[in-house]
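Please read the following explanation with the sequence and the structure side by side. It moves from one helix to the contact between the chains, and then to a sheet.

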Amino acid sequence: MLRMSLLATLAFSLCQTTAQAQMSHHQHASEAACEEVELRCASKVTPAFASDGTLWLAWMAGGRISVASSKDQGRSFSAPVQVSREKLNLDWGPDARPQIVVEKTGGIALAFSIFRDKAFNGQVLATRSIDGGRSFAELQPITSSNESQRFAALGLDADGSVFAAWIDKRNRVPAQQEGKKYEGAGLFFASSKDGGAAYTEARLASDNTCECCRLGLAFAGPGRPVIVFRNIFEGGVRDHAVMTFADPATPGEVHRVSNDDWQISACPHHGPSLSISPAGTYHVSWYTNGKARKGLFYARSQDEGRTFSDPIPLGRSDRNPTRPYVLAGPRGATMVWKEFDGEKTSVNAMISHDEGKSWSKPVTIASTTDTSDHPLLVSDGQATYLSWMTKADGYRLLPIGDGS
Amino acid sequence: MKRCLLAAIFLIASLVAAPGAETPSELKPFVRGSWQEMLRSHAGRPTLVHFWGVTCGPCKVELPLLGQFMKNHSEIDVVMISADLVPNLPGAARAMLEKAGLGSAENWIFSDGFVERLRFEIDPAWQGEIPRTLLIARDGTVTTIEGSAEIPDLEKWLDRQKVASK
């Protein structure tokens, strides 16, 4: 009850700030509130909690990637550190965002993509900090290939190594030279044993996957990364697939998450989300506009992704539900997504205490009246938080009540 | 060194500005209300509205085909709307349109940071995937093509419009 009223207070104060911000807010043809490098100007913000409870943020603002930390759950932050001296042509695709993992030893690994040329070919750059985020090593390409790479995902394995996966166009030209049609891009991966300083040679996990959506990455256990991605199935059907690795160097089979039958030759810019509970349940949420179903959906698997439950729809279909995110936290699984009513965007949340078999009624936990980043979930091992960057109201970290 | 840097910046700036300066084509800012304004101005005429973006792979393939389609069919109004998330890039958008033979089409570019609201005005169910083509008949009936359009399908639709008007 206390938690619920805390949530209500937070939601109320957010609305208040919204109203105040709106009064002074004027039309601005940008997705960011300002053009400088500070957090309030960010268009994309990615959170990660360290094992000591420190919140770390990596954000995109003013053509830079910056990092700062908070010891008081986002109320105040350390002086931001920019990871590059020069301004970068950062990938501003809707699903692009900096990736951050914080090791138990305090090391920080980052990856993000830039546009390297006028044709918008991407390049994934990586760096790390070994001094608690005070400085970052020179940016390094995650792979030596010069073909386009985008949508990197980073995950921290149980042994402290960093696993990276991304979308990579390197197989396109060789296929075309052989006179073959090449669709989409390859899902590539690599790992780092030294906290993100050097990555192993990039290897292909699955070819001909969708080229413009974020990946969902989690671990089924130590050394067993799992990736959920928008695949291109037979006939150009861009439905979701899951792959469980046998170990960080051995990709597994591709299994279909759902048969949505979305045949489209386009960039949905709308990737999936994956989380795996300590009991081993795979929670997946995604967007489709297929013949079989349209909208946001959730399904779970209890056999390591070989089969999935029937998809359940999320959100109100007349309110354009978007950007689903799921996280199996210490007190159950939480799911959030955005809805838009014609004037304001709200984040709705629901919770499951039975491994995703049943979910609470959706509750609106935050809203804003201008553009916003995707809603993300992050856990400090105690509670689950909504992490949400908004243009009008700045950055918000909101604890989500457990519904009990 | 500083002077060298300044010269480089000037050079890059003029290079970036060049395509715009050379071409008379206009990119109209697409903001709140633009959708209805556009619909009103084409009412009663068969209209092809195409949503695209500079970073969209399939769009790069489709744009020149649409350019040729427009050249072959003066009887249809062609409206191109660059619907990438802002920061949208007018220079890059203009260059791609010119190259595809679409410089003389009615060209718009999303210019409101609140892209969800713009899309909601166009079609509440559209989540921003591009390319996307809307074929608007004389009576206002809309046919939506998700993903790359096949030119023969566009030709067939246009033939039906001619039959309907007889």
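In this predicted model, the buried residues of α5(B) pack against elements of both chains: β22 (332-340) and β23 (345-352) of chain A, together with β1 (27-30), α2 (34-41) and β4 (106-110) of chain B. The residues in question are E116(B), L118(B), R119(B) and I122(B), which are the buried residues of α5(B). Around the axis they cover an arc of only 160°, and therefore they lie on the same side of α5(B). Such an arrangement can be read against the geometry of an α-helix, which has 3.6 residues a turn, so that residues three or four places apart point the same way.

The same helix leads to the contact between the chains, to which chain B gives 26 residues and chain A gives 28 residues. On the side of chain B that touches chain A, α3 (57-72) and α5 (115-122) of chain B each supply at least two residues, and the largest share, three residues, comes from α5(B). Sorted by class, that side of chain B has 14 nonpolar, eight polar and four charged residues.

Turning to chain A, one finds an open sheet of four strands in the order β5-β6-β7-β8, with antiparallel pairing. Because β5 (99-102) and β8 (140-141) of chain A stand at the edges, each with a single partner strand, one side of each is left without a neighbour in the sheet. For β8(A), the pairing with strand β7 (residues 122-129) of chain A is in the antiparallel sense and runs over two bridges, and within β8(A) it is Q140(A) that stands opposite A126(A).

Conventions. Residues are numbered from 1 along each chain as its sequence is written. Chains are lettered from A and ligands numbered from 1 in the order in which they are written. This is a predicted model: local features need pLDDT of at least 70, side-chain atom pairs count only at pLDDT 80 or more; totals for chains, interfaces and linings use all residues. Two residues are in contact if their C-beta atoms, placed from the backbone, lie within 7 Å. Ala, Val, Leu, Ile, Met, Phe, Trp, Tyr, Cys and Pro count as nonpolar, Asp, Glu, Lys and Arg as charged, and the others, Gly among them, as polar. Two strands pair if DSSP finds at least two bridges between them. A residue is buried if 20 or more other C-beta atoms lie within 10 Å of its own, exposed if 12 or fewer, and partly exposed in between; C-beta atoms are placed from the backbone. The arc is that of the directions from the helix axis to the C-beta atoms.
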